[in-house]
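Student: Could we go through this structure together and check each label against its cut-off?
Tutor: Happily; here it is.

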Amino acid sequence: MPVQGSFVIGADHPSLPGHFPGDPIVPAAVFLDLASEFIQANTGRRVTAISVAKFNQPVLPGKTCILSMQVKADAASVSAVIDGEVAFSLTALLQDGAAHD
């Protein structure tokens, strides 16, 4: 069963004034960061790499983004739906499950 969560990037997010002035869209790096945090929070494992990422549409601030994650072995797949459409998806490689110092 997929793990789900959601977030909204507010119009006051610090990345928006320069991306793009007067017509802001949320930068892809913000999504990568939030998806990595979501994965780590729900698996207890660190993301070691993003092996695939696909951005299907620009995302405006204030939109609710619904994340859905599936984990298989050492990889997590996340998709993000906004207004019923997949806005982005990615596959992240995870640190192995053994304890690390």
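Tutor: Let us begin with a cut-off: a residue counts as exposed when its relative accessible area is over 50%, and as buried when that value is under 20%. Keep in mind that this is a predicted model.

Student: Why is Ala-73 called exposed?
Tutor: Its relative accessible area is 67%, and the label needs a value over 50%, so Ala-73 is exposed. Ala-73 sits in the loop between E3 and E4.

Student: What is the phi of Ala-73?
Tutor: Ala-73 has a positive phi near 55 degrees, and this residue is not a glycine. As background, most residues other than glycine have a negative phi.

Student: Why is Asp-83 called exposed?
Tutor: The relative accessible area of Asp-83 is 60%; the cut-off is over 50%, so the label exposed applies to Asp-83. Asp-83 lies in the loop between E4 and E5, and its phi is positive, about 55 degrees, although Asp-83 is not a glycine.

Student: What makes Ser-36 buried?
Tutor: Ser-36 has a relative accessible area of 16%. Buried means under 20%, so Ser-36 is buried. Ser-36 belongs to helix H1, and leaving out residues up to four places away in sequence, Ser-36 touches Val-47 and Ile-50.

Student: Which residues of H1 are buried?
Tutor: They are Val-30, Phe-31, Ala-35, Ser-36, Phe-38 and Ile-39. Their cover includes the strands E1 (3–8), E2 (47–55), E3, E4 and E5.

Student: How do you know that the span of H1 is close to the expected one?
Tutor: H1 has 16 residues, and its first and last C-alpha atoms are 22 Å apart. The expected span is 1.5 Å times one less than the number of residues, which for H1 comes to 22 Å, so the two agree closely. After H1 comes Gly-44, with a positive phi near 75 degrees.

Student: Why is Ala-53 called partly exposed?
Tutor: Its relative accessibility is 38%. Partly exposed covers what lies between the 20% and 50% cut-offs, so Ala-53 gets that label. Ala-53 is part of strand E2 and touches Leu-32, Ser-89 and Leu-90, residues up to four places away in sequence not counted.

Student: And what makes Asp-96 partly exposed?
Tutor: Asp-96 has a relative accessible area of 39%, and that falls between the 20% and 50% cut-offs, so Asp-96 is partly exposed. Asp-96 is in the segment after E5. Apart from neighbours within four places in sequence, Asp-96 is in contact with Arg-45 and Asp-74.

Student: Which residues touch the most other members of the largest nonpolar core?
Tutor: Among its 23 residues, those are Val-26, Ile-39, Cys-65, Leu-67, Phe-88 and Leu-90. Helix H1 and strands E3, E4 and E5 each give two or more residues to this core. Setting aside neighbours within four places in sequence, the contacts of Ile-39 include Met-69, Val-78 and Leu-90.

Student: What makes one residue in the lining of the largest cavity count as charged?
Tutor: Lys-63 is among the lining residues. Lys counts as charged, so Lys-63 fits the one charged residue of that lining, alongside 10 nonpolar and one polar. The largest cavity holds about 40 Å³ of space.

Student: How do you know that the bond joining His-19 and Phe-20 is unusual?
Tutor: That peptide bond is cis, with omega about 5 degrees. In general, most peptide bonds are trans. Phe-20 is found in the loop between E1 and H1.

Key:
Residues numbered from 1 in each chain as written. Predicted model: local features only at pLDDT ≥ 70, side-chain atom pairs only at ≥ 80, totals over all residues. Heavy atoms only, no water. 1 Å grid on protein atoms, 1.4 Å probe; cavity = no way out; pocket = protein on both sides within 12 Å on 5 of 7 lines; lining within 4 Å. Points joined across faces, edges and corners; volume = space filled by probe spheres on them. Core = buried A, V, L, I, M, F, W, Y, C linked by side-chain atoms within 4.5 Å. Buried < 20%, exposed > 50% of the residue type's maximum accessible area, 1.4 Å probe, protein only. Helix = DSSP H or I, 4+ residues; strand = E, 2+ residues; numbered from the N terminus. Contact = heavy atoms within 4.5 Å.
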